[in-house]
Structure formats: C-alpha cells, structure tokens
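Work through the exercises below with the sequence and the model at hand. Each task is followed by a solution in steps.

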Amino acid sequence: MTAIKIAGAPISWGVCEVPGWGYQLQPDRVLTEMRGAGLTATELGPEGFLPSDTDELKTVLREKDLECVGGFVPVVLFKDDHDPADDLAGPLESLVAAGAGVVVLAAATGSDGYDSRPVLDDGQWSTLFANLDRLAGIAAARGLLAVLHPHVGTVVETKDDVDKVLAGSSIPLCLDTGHLLIGGTDPLELAKSVPGRIAHTHLKDVDATLAERVQSGELTYTEAVAQGMYTPLGTGDVDIAGIVAALRDNGFDGWFVLEQDTILGGEPQGQGPLRDVLASVAYLQSVVGGVPA
C-alpha cells in the first residue's frame with residue numbers, strides 16, 4: 001500500500017472558533033509542533049487564527065513548510081433571509097490564496113457553540129439543500145471542492161440528517177469519524193455504503209462511554225470534550241483501521257486530517273497536546289505501513 005496524505009488541524013491543539021472554548025495557543029507554537037510531528041499540511045483553523053491578509057498567510061505557511069489542504073467554515077444554510085455566500089466569501093479568498101483544495105462546510109445553527117440545535121421543517125431543509133449545492137458551485141468556480149461536515153450541535157448531526165443530505169443534495173461529505181459516531185451514524189458503515197460521496201476525512205477516536213452521555217443529554221458536547229471524549233487514534237472506540245482500509249479499498253485518495261478536539265485550561269507544560277498528536281501519527285502510520293506524503 002502506498003503512503004497516505006496525513007494533515008493536521010489546529011483543533012488538536014485546542015484552537016477553536018467557539019467563544020470561551022479554552023486557552024488558545026499561538027499559531028507559531030501550533031504550526032511548529034505540527035511540522036515537527038512529521039505533518040506536511042494543515043487545515044487553516046478558525047477565523048483569526050492565521051492572517052486574513054492573503055500575502056501574510058502564504059508567508060506563514062511557507063515559513064513553517066506546511067501546505068494548506070482546506071478549512072472548516074460554519075455557515076447558516078437553512079434561513080431564507082440569510083445568504084451563506086457572504087459567510088463563505090472571506091474564507092474562500094484565504095483558501096484560494098493558500099492553494100487549498102477543499103472547503104469544509106458545516107450547517108451552523110446561527111448560535112455560538114455546539115451544545116444545542118434547532119429541528120428543521122421541510123421548507124428549511126429545502127433551503128439548506130439548495131444552498132449546499134449553490135455554495136458547492138461557488139467553490140468549484142474558484143477551484144475548490146466543497147464538502148459537508150456532519151457535526152454535533154449543527155443542523156446536520158444525526159443519521160437521519162445525514163441520510164437527508166445524501167438524498168437531497170449532491171455535495172460530497174467530510175467523513176468525520178468522531179462527530180458521526182456521536183451523532184448516531186456508524187462511520188465505517190457510511191464509508192462502505194457511499195464511498196463515492198466521501199471526499200475528505202477527519203480522523204477522530206472517541207470514548208464511547210462519554211459519547212453516550214452526550215447522546216442521553218447527561219453531558220453537553222463541550223463538557224464531554226473537556227472530560228476527554230476524544231482520544232489519540234487507536235485508543236478509543238472508533239474502528240479507525242477499518243475505516244481507513246475501507247476508504248482506500250474504494251479508491252479514496254484525499255487527505256486524512258488528524259483531529260483530536262481538545263480544551264486547554266491554560267498554557268500546557270511539556271509536550272502538551274503534541275504528545276497525543278505524535279501518538280495518533282504513529283498509530284496511523286502503523287495502520288497503513290507508510291509515512292505522511
């Protein structure tokens with residue numbers, strides 16, 4: 001088997017768009033440690049983490065010897081009186097300038113955080129589907145592939161939500177192994193059943209016991225993340241090896257982005273989040289018998 005493309009993401013260092021999420025590390029440390037872990041590429045992280053000026057952004061990435069594979073962009077898709085193309089415009093400029101290939105859309109609720117979400121009616125679903133396909137067209141015109149990221153606390157979270165999107169829109173998916181599991185979708189089964197709709201991957205491992213407490217309402221999503229719901233690859237309850245094998249057997253040649261959502265209480269001592277990133281890189285390399293491309 002040939003080597004696979006492994007990328008990092010700032011969320012593994014606790015960098016998140018949610019206000020009050022936790023202590024936010026500076027880009028220099030995050031990108032330096034990412035490259036030191038053997039990763040050759042990154043997603044951009046939340047707005048404001050890296051420079052919005054496109055020349056400055058390209059300089060930062062070049063100095064850290066990292067390419068950009070994409071970026072996570074939450075957009076409100078279900079409201080008739082809101083144009084999500086406006087939300088996409090700024091991130092799209094950064095992604096184009098950075099030479100990225102993918103824009104990772106999430107169906108945002110319009111509220112901060114991921115601890116609650118609305119239930120859509122049929123009309124709102126129709127609006128969401130139309131906007132997904134329209135934004136995919138806007139991204140394609142700029143040379144990027146748009147994918148939808150099913151995500152806890154967004155309007156596309158559950159298995160029923162995912163099935164609706166598969167039936168109602170043509171947009172490919174970002175297979176986030178953690179969010180799918182927590183939302184009630186078996187990520188391995190999804191990878192096997194619709195391989196042609198999987199165009200990007202976020203690899204997460206999950207403590208299923210904590211995930212069940214989120215599903216039951218005993219814990220909020222944020223509380224569970226703070227308690228360690230996400231674990232280094234190979235130490236949780238997601239069949240990472242099986243998912244990677246299923247995708248590769250079906251011709252997937254996109255990026256595997258390592259994500260272990262983390263909340264930091266302050267400046268980490270010693271290796272901090274890097275310790276878990278290194279463990280995940282080592283596990284994924286052992287699974288595929290290769291090295292980051």
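**Exercise 1: Two tyrosines and a lysine**

Tyr221 and Tyr230 are both buried, where buried means under 20% relative accessible area, exposed over 50%, and partly exposed in between (1.4 Å probe, protein chains only). The model is a predicted one, in which local features need pLDDT of at least 70 and side-chain atom pairs count only at pLDDT 80 or more, while totals for chains, interfaces and linings use all residues. Residues are numbered from 1 along each chain as its sequence is written, and side-chain values use heavy atoms, with hydrogens and water left out.

Task: Describe how the rings of Tyr221 and Tyr230 are arranged, and find what lies over the face of Tyr230.

Solution.
1. Rings of Phe, Tyr and Trp (its six-membered ring) pair if their centres lie within 6.5 Å; planes under 30 degrees apart count as stacked, over 60 as edge-to-face and the rest as tilted.
2. By this rule there are 3 aromatic pairs. In the pair of Tyr221 and Tyr230 the centres are 6.3 Å apart and the planes stand at 70 degrees, so the pair is edge-to-face.
3. A charge sits over a ring if NZ of Lys or CZ of Arg is within 6 Å of the ring centre and within 35 degrees of the ring normal. Lys204 is placed over the face of Tyr230, 5.7 Å from the ring centre.

**Exercise 2: The salt bridges of Lys204**

Task: State which network of salt bridges includes Lys204, and locate its partners Asp176 and Glu259.

Solution.
1. A salt bridge is a side-chain nitrogen of Lys or Arg within 4 Å of a carboxyl oxygen of Asp or Glu. The structure has 15 salt bridges.
2. Between Asp176 and Lys204 the closest N and O atoms are 2.4 Å apart. Asp176 belongs to strand β6 (residues 173-176) and Lys204 to the loop between β7 (198-203) and β8 (205-206), so this salt bridge ties together parts 28 residues apart in sequence. Helices (H or I, at least four residues) and strands (E, at least two) are DSSP runs, numbered from the N terminus.
3. Glu259 also forms a salt bridge with Lys204, with 2.5 Å between the closest N and O atoms. Glu259 is in the loop between β10 and α11, so here the parts tied together are 55 residues apart in sequence.
4. Asp176, Lys204, Glu259 and Asp261 form a network of salt bridges.
5. Asp176 has 0% relative accessibility and counts as buried; Lys204, at 1%, counts as buried. Glu259 is buried as well.

**Exercise 3: A salt bridge between distant parts**

Task: Place Glu267 and Arg29 in the chain, and decide whether each is buried, partly exposed or exposed.

Solution.
1. The side chains of Glu267 and Arg29 form a salt bridge of 2.9 Å, N to O.
2. Glu267 is in the loop between β10 (255-258) and α11 (274-288), and Arg29 is in helix α1 (residues 27-36); the two are 238 residues apart.
3. Glu267 has 41% relative accessibility and counts as partly exposed. Arg29 has 19% and counts as buried.

**Exercise 4: Helix α10**

Task: Say why helix α10 is described as largely enclosed.

Solution.
1. Of the 10 residues of helix α10 (residues 240-249), 7 are buried, so the rest of the structure largely encloses this helix.
2. Among the buried residues are Ile240, Val244 and Leu247.
3. Gly251 follows α10 and has a positive phi, near 90 degrees.

**Exercise 5: Enclosed and open space**

Task: Give the volume of the largest cavity and of the largest pocket, and name residues that line them.

Solution.
1. On a 1 Å grid over the protein atoms alone, a cavity is a set of points where a 1.4 Å probe fits but cannot get out, and a pocket is an open set with protein on both sides within 12 Å along at least five of seven lines; lining residues have an atom within 4 Å of a point. Grid points are joined across faces, edges and corners, and a volume is the space filled by probe spheres set on the points.
2. The whole structure has 1 cavity of 30 Å³ or more. The largest cavity has a volume of about 100 Å³. It is lined by 15 residues, and those closest to its centre are Ser12, Leu258, Glu259, Gln260 and Ser280. α11 gives the most to this lining, with 3 residues.
3. The largest pocket holds about 990 Å³ of space. Of its 48 lining residues, Glu17, Pro46, Glu47, Phe72 and Pro74 are the closest to its centre. β3 and α3 are the elements that give two or more residues to the lining of the largest pocket.
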